[in-house]
Structures are given as C-alpha cells and as structure tokens.
Amino acid sequence: MSRAIGLTGGIGSGKTAASDWFATQGIVVVDADVVAREVVAVGQPALAEIQQVFGAEMLNTDGSLNRTVMREHIFKTPDARQQLEAITHPRIRAEIIQQLAQADSAYVLLVSPLLFETNQYELVKDSILIDTPEQQQLKRASQRDGQTVDSIQRIMQVQMSRAERKQRATYIVLNDGDLTHLHAELAKLHQQLLLIAS
Ligand code: ATP
C-alpha cells in the first residue's frame, strides 16, 4: 500500500494544476470531488436512498441527481444537509479508502478541498497545501468559472482561512508565480516525498 498524502487548498488555489503535474510523474491521484460525484451516479445505492428520503423530485427525468433542486432543498430545510451527508459521507469515505489502497505508485495523493474540514485528513499521513495569495485565487477562479468576484469572495469567506490551513499542513507550496514556477516547486517536493516513501 502506498503512503497517502493529502493535497488541499482554497478555491482556485491550484489544486488541480498541482495534481495534474503529479499525475504526469506517475503518481496516482484520488480526487475526493470526483468520488463524491461517483457515489451519487445513476444506479448507485446512495442515489436510491436520496430518492427514498427526499422524494423523486430530487431526480432529473433521466434519473440523475438534480443538483440545483437538491441544493435549494438543503438551503430551505434545516436538517436536510445532515440527512444528505449521512447518506453520502460514509460511502465517499469507503470509496476513497478503497482507491487509496489500490494505488501502486511510490506514494498516492488524496486531493480534497475539504481535507482539514472533514475527517478525510485521518486517511493521510501528511498534507500538502497549495497556498495562493487571495488576490490571485480571486483572479484565477473568476477567470476560470466566469463567476463574479463577489461570489468567489463569498465562498472564500466560508472556507477555512489561509492562516489556519498553513498551520495544519505538513508541506506548503506557494503558488504565486506562473505554472512553470509551480511545477518547479512541485518537482522539489516530489523528490523529497520519493525519498520518504523509499
Ligand atoms: P477549485 O477548488 O476551485 O476547483 P483548484 O484549487 O483546483 O480550484 P485550479 O483549477 O488548479 O484550482 O486553478 C484555478 C485556475 O488557475 C485554473 O484555470 C488554473 O489553470 C489556473 N492556475 C493555477 N495555478 C496557476 C499558476 N501558477 N499560473 C497561472 N495559472 C494558474
């Protein structure tokens, strides 16, 4: 079993840019967001349970989860988020554990925006923070998504602060330059992680 290392950071910090680079080095990447979508895919038991608990109106006509309706329901109904998470979280965790266990690279990365906010940090030995100055996070995230600076700022306000993330991370990669700079920083860290893994 490969040594599992977490990779986290705020919105638009560069988690995907970083994990894409690690993947080019042959490192297996488990993405918590991808797993979260997989567990509620059509045919998965979690989706059937969501239908049972919240009603068929949570589904699109093709049987997939209607995320907009689900989000609105959670927003309006006090206990709904907890109910939904009781259905999805144990399954997400189990699937992450399985994917980490199957990894066969020198080490394996668990990429998660909520590594420190959920109990996912328990699944990894160490963690890498992609640390990006707020102004750059705002600029990059708004350019990428076409979302307004305001809405990204609102998300940043409810996310864990940069200072707190820095306190919790084992390794901090400052992503304040161009992609070439990011890749050079990651290459140094990769060498260090290979040594620890061997
Ligand atoms: P989210 O959590 O919002 O999905 P993320 O942390 O995965 O974001 P990315 O998608 O990797 O962030 O990066 C946000 C945007 O900024 C992307 O368009 C990415 O290509 C760009 N980007 C990231 N790092 C750099 C960099 N050092 N230089 C230039 N662009 C960058």
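The following conversation concerns the ligand site and two helix pairs of a predicted model.

Modeller: In this predicted model local features need pLDDT of at least 70, side-chain atom pairs count only at pLDDT 80 or more, and totals for chains, interfaces and linings use all residues. Residues are numbered from 1 along each chain as its sequence is written, and side-chain values use heavy atoms, with hydrogens and water left out.

Colleague: What makes a residue part of the group that surrounds the ligand?

Modeller: One of its heavy atoms must lie within 4 Å of the ligand. Here 14 residues surround the ligand, and the closest are Lys15, Thr16, Ala17, Arg144 and Asn175.

Colleague: How do you know that Arg144 makes a polar contact with the ligand?

Modeller: A polar contact is a pair of N or O atoms within 3.5 Å; within protein, one must be able to donate a hydrogen and the other to accept it, and residues adjacent in sequence count only if both atoms are side-chain atoms. A polar side-chain atom of Arg144 lies 2.8 Å from an oxygen atom of the ligand, so the pair falls within the limit of 3.5 Å. Taken alone, the ligand exposes 630 Å², of which the protein buries 74% (accessible areas come from the Shrake-Rupley method with a 1.4 Å probe; for residues, only the protein chains shown count as cover).

Colleague: Which helices each supply at least two residues of the shell around the ligand?

Modeller: They are H1 (15-24) and H6 (134-145), helices being DSSP runs of H or I with at least four residues, numbered from the N terminus. The largest share, three residues, comes from H1.

Colleague: Why are H6 and H7 called oblique to each other?

Modeller: The axes of H6 and H7 (residues 149-158) come within 9 Å and cross at roughly 125 degrees. Axes are lines fitted to C-alpha atoms, for helices over the stretch in contact, and angles run from 0 to 180 degrees between N-to-C directions. Angles under 35 degrees count as roughly parallel, over 145 as roughly antiparallel, 65 to 115 as roughly perpendicular and the rest as oblique. H6 and H7 are therefore oblique.

Colleague: Why does the word oblique also apply to H1 and H9?

Modeller: The axes of H1 and H9 (residues 179-197) cross at roughly 55 degrees and come within 10 Å. H1 and H9 are therefore oblique to each other.
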